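Please find below a short note on the model under review. The points are numbered for ease of reply.

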Amino acid sequence: MMSSNYTAIDNQNVSGSVPAVADPPGQVAVKFTESNLQTFPPSSSQGKISAASGPPRDADDTFSKPVSGSDEPQQGGWFRAFTIAAYKPYFDVDTSDVLERIKDSLLPFTGSFSEKTADNPDLYGPFWICSTLVFVAASIGTFITYIAHKLHNKEWNYDINLVTWSAGLFYGYSTIVPLCLFVVLKYFSAPSGLVQLLCLYGYSLFVFIPALCLSLVPWEIVRWVVAGVAGFMSATFVATNLKHHIASAGERWFFIVAAIFLLQLALALVLRVYLFNVTV
């Protein structure tokens, strides 16, 4: 059995850091600067990560960018127009707002619609008004032609072109006409918001929904009266709401308002000829 032979170490050498071993002769000593890697993060705060600490300057900032599908838009400029987030504010309305604006569209002489919607124009109401018009025009047009054919004992075939024609008419009119008016007003130094024009023209078409329903009346004179009244109300609604704004365009403002008014009447005439009419 081997006997233990330990060297006694003084207490003063135990406390503190371990004494450095002497370098053997002929070797170069390498000294390292003191590091504080044992402290994370390297700040005066202890026990938690402080707000001042952050990643190093050369760190990858991939996670600080908006991820795909987030509410924050990823593109700027014209590219933002192709994102859903760009159109979210224009659908931020509730049922009471839409009903209030529909009621204003049925009161064409007040001219207060543009003032009420100046801060919050929407596209929700115009979209569903146009969609309802397409459905009502196609369904009622199909129904009245079916009844007319049956009363005359003639064969009836469904016309799918009525749906596509109605969709092209209402969606196209409520988009192309405001866009052209936007360019014209900008040319005459009386610019107006494009979304506000789209909102105004979209709600101006609501009056044609009950007018299409009344086209079921089998008398031609009633259909002419209904189409004329609906066209006059729609044209007056658009003209009165744009009159004060277009007046700043100079002496030609009257011709612009008159063109807007006549264009709405032309729409009513087209509806009367193609949708309010029954051919057997």
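The points below concern a predicted model and treat helix geometry, annotated segments, one residue environment and the cysteines.

1. Helix H4 comprises the 28 residues 124-151. At 1.5 Å a residue, helix H4 should span 40 Å, and its end C-alpha atoms are indeed 40 Å apart, so expectation and model agree. Just after H4, Asn 153 adopts a positive phi of about 55 degrees.

2. An unreviewed UniProt entry lists residues 123-148, 168-188, 200-218, 224-242 and 254-275 under "transmembrane region". Two of these record-derived segments may be set against the model. Residues 254-275 are 95% helix and 0% strand, with end C-alpha atoms 31 Å apart. For residues 200-218 the helix content is 63%, again with 0% strand, and the end C-alpha atoms lie 32 Å apart.

3. Is Thr 236 buried or exposed? Its relative accessible area is 6%, which is under the 20% cut-off, and Thr 236 is therefore buried. The residue belongs to helix H8, which covers residues 220-246. Leaving aside residues up to four places away in sequence, Thr 236 touches Pro 108, Phe 109 and Phe 261.

4. How many disulfides does a search of the whole structure find? The result is 0. A disulfide would require a covalent bond between the sulfur atoms of two cysteines. As to accessibility, Cys 130 counts as buried at 2%, whereas Cys 213 is partly exposed, with a relative accessible area of 38%. The latter value falls between the 20% and 50% limits, which is why Cys 213 is placed in the intermediate class.

Definitions and conventions: Residues numbered from 1 in each chain as written. Predicted model: local features only at pLDDT ≥ 70, side-chain atom pairs only at ≥ 80, totals over all residues. Heavy atoms only, no water. Helix = DSSP H or I, 4+ residues; strand = E, 2+ residues; numbered from the N terminus. Expected span 1.5 Å × (residues − 1). UniProt positions renumbered as here; feature names shortened; annotations may be inferred. Buried < 20%, exposed > 50% of the residue type's maximum accessible area, 1.4 Å probe, protein only. Contact = heavy atoms within 4.5 Å. Disulfide = S-S within 2.5 Å.
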